[in-house]
Amino acid sequence: MTGHLFPRYVTARLIHMLASYPVVLIHGPRQCGKTTLAKIVAESEGHEYIDFDEKEIRDFARAEPDRFIKSLPERIVMDEVQRVPEMFGSLKAEVDRNRIPGRFILTGSSNILLMPRLSESLTGRMGVIRLHPLAQGELVEGTRQFQSSNFLDRLFARDFQPSAYSEASPSLARRVTVGGYPASIACTTDAERKDWYRTYIDTLIQRNVRDLARIRSLATFSKLVGLTCAYTAQLHNANNLAAHLSVTQPTVQHHALLLEQMFLLETLEAWNRNDIKRLVKKPKAHIGDTGIACALLNKNAMTLQIKDRELFGHLVETFVFQELRRCADGFGTMDRFFHFRTSVFEVDIVIERDGMFAGIEVKAGTNLSRRDFSGLQKMRESLKEDFVVGVVLYGGRYVRKHGDDIYALPIQKLWA
């Protein structure tokens, strides 16, 4: 595999935060590019670098956090900080003593915001960047493309002109199976890619899970990862998962929280408003990257399109959701994401911006019927003037308008 440096949406936000905060945290899953991004941005500022995966450094920071912090150079990148929670109190004291902007760049492969003791110690002192695996727009060579890559701004502006879109290689199914991890993108065969993902998950479970919690059975945890892949884009049902795994519901909930801390699982909460009846309140569960799901489920682009159309539909929904999240976090839009479901209709993804709403339905197929727009139409009726736009993102080629504020768009319009 050969390395390649991809431009990232978040780079401008990171540079801005380094001018404002004494501490900036870049957190996201292992191998998504955090260290590369931190080193590139910090190079011009003269930051040095340490890695808490190195046992000697980690042991020093844990045993003598005050002395460790005082021994650091003026500007420093510290990698995998979730491995040394003992250090955060001393880091807070040092920041309060000397609040030089951009002094500390931290990276973490666990969600620090879900670890209250750590996140609260640096409240008001730390800017936070969420880095995802690569978005499709980041795979396009050159940052000149980024001005048009913010799909969410175009969505709320209803900036879609009727047109035909000619699919570029690779296909949608191929994009879904490859995922967004740089190492996966560099693989030259499906077998090599699957092997990388499986080794990645095994290493992650063995390393990060032991750092975060004591659990009785890593095998049970590993099976839950597989089930999360199989049931992606579906309602999270802890009872069903517990029955599959022969464990208790609290065990499933505890393990699911660990998956969220490791950025392997994202839950999409149900949107509700008091005057809308019969809402289903369960969240949807999305695997953190579709490449992981395809590797663990042993699926490639051809088998998904020909033999596993239902699974392909769920994976495409997760793929779209993750693309939207990568856009939101990359450009710092502050949009909030939900799903919308009643006993009568549903909308896959609801996006809230300043009290206004956009709805997105996802269809993997190339053809659409009137029924595919019914959920968005009912959402519009329910939200009235708070409804901005509805979009059916599908596997076809044409941009079409269905009324004043509902569109059909090729999925590729997320980045093209």
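How many positive and how many negative side chains does the protein have, and how far apart do the centres of the two sets lie? There are 56 positive side chains and 49 negative ones. The two centres lie 4 Å apart. Keep in mind that this is a predicted model.

Now the overall fold. The secondary structure comes to 17 helices and 15 strands. The radius of gyration is 22 Å, and the globule rule gives 22 Å for 416 residues, so the protein is as compact as a globular protein of that length. Along the principal axes, the C-alpha trace spans about 65 × 50 × 50 Å.

Next, burial and surface. Of the 416 residues, 55% count as buried. The exposed area of the protein is about 18,700 Å². Carbon and sulfur atoms supply 48% of that area.

What about contacts along the chain? Take those with a separation of 6 or more. Residues 24 or more positions apart account for 71% of them.

On to the cysteines. How many disulfides does a search of the whole structure find? Zero. As a reminder, a disulfide is a covalent bond between the sulfur atoms of two cysteines. Look at Cys-229 as an example. The nearest cysteine sulfur belongs to Cys-294, and it is 8.7 Å away. The cut-off for a disulfide is 2.5 Å, so Cys-229 is in no disulfide. Turn it around and the picture holds: for Cys-294, the nearest cysteine sulfur is that of Cys-229, at 8.7 Å. Cys-294 is in no disulfide either. Are these two buried or exposed? Cys-229 is buried, at 0% relative accessibility. Cys-294 is buried too, with a relative accessible area of 1%.

Now some backbone angles. Most residues other than glycine have a negative phi. Two residues here are worth a look on that count. Gln-31 is not a glycine, yet its phi is positive, about 70 degrees. Where does Gln-31 lie? Gln-31 sits in the loop between strand S1, residues 23-27, and helix H2, residues 34-43. Its relative accessibility is 49%, so Gln-31 counts as partly exposed.

The second is Ala-233. Phi of Ala-233 is near 65 degrees, again a positive value in a residue other than glycine. Ala-233 is also in a loop, this one between helix H11, residues 218-230, and strand S7. But Ala-233 is buried, with a relative accessible area of 4%.

Stay around S7 for a moment. Strand S7 covers 234-235, and helix H12 covers 238-245. Asn-237 has its place in the loop between them. Asn-237 is partly exposed, at 21% relative accessible area. The cut-off for buried is under 20%. How far is Asn-237 from Asp-289? They are 52 residues apart in sequence and 20 Å apart in space, C-alpha to C-alpha.

Last stop: Val-347. Which strand holds Val-347? Strand S11, residues 346-353. Val-347 is buried, with 0% relative accessibility. Which residues is Val-347 in contact with, leaving aside neighbours within four places in sequence? His-339 and Phe-340 are among them. So are Gly-359, Ile-360 and Glu-361. Gly-375, Leu-376 and Met-379 complete the list. Gly-180 makes another pair to check in the viewer. Val-347 and Gly-180 are 167 residues apart in sequence. In space, C-alpha to C-alpha, Val-347 and Gly-180 are 25 Å apart.

Technical notes: Residues are numbered from 1 along each chain as its sequence is written. This is a predicted model: local features need pLDDT of at least 70, side-chain atom pairs count only at pLDDT 80 or more; totals for chains, interfaces and linings use all residues. Side-chain values use heavy atoms; hydrogens and water are left out. Helices (H or I, at least four residues) and strands (E, at least two) are DSSP runs, numbered from the N terminus. The radius of gyration is taken over C-alpha atoms; the globule rule is 2.2 Å times the number of residues to the power 0.38. Buried means under 20% relative accessible area, exposed over 50%, partly exposed in between (1.4 Å probe, protein chains only). Contact means heavy atoms within 4.5 Å. Accessible areas come from the Shrake-Rupley method with a 1.4 Å probe; for residues, only the protein chains shown count as cover. Lys and Arg count as positive and Asp and Glu as negative; His and the chain ends are not counted. The place of a charge is taken as NZ of Lys, CZ of Arg, CG of Asp or CD of Glu.
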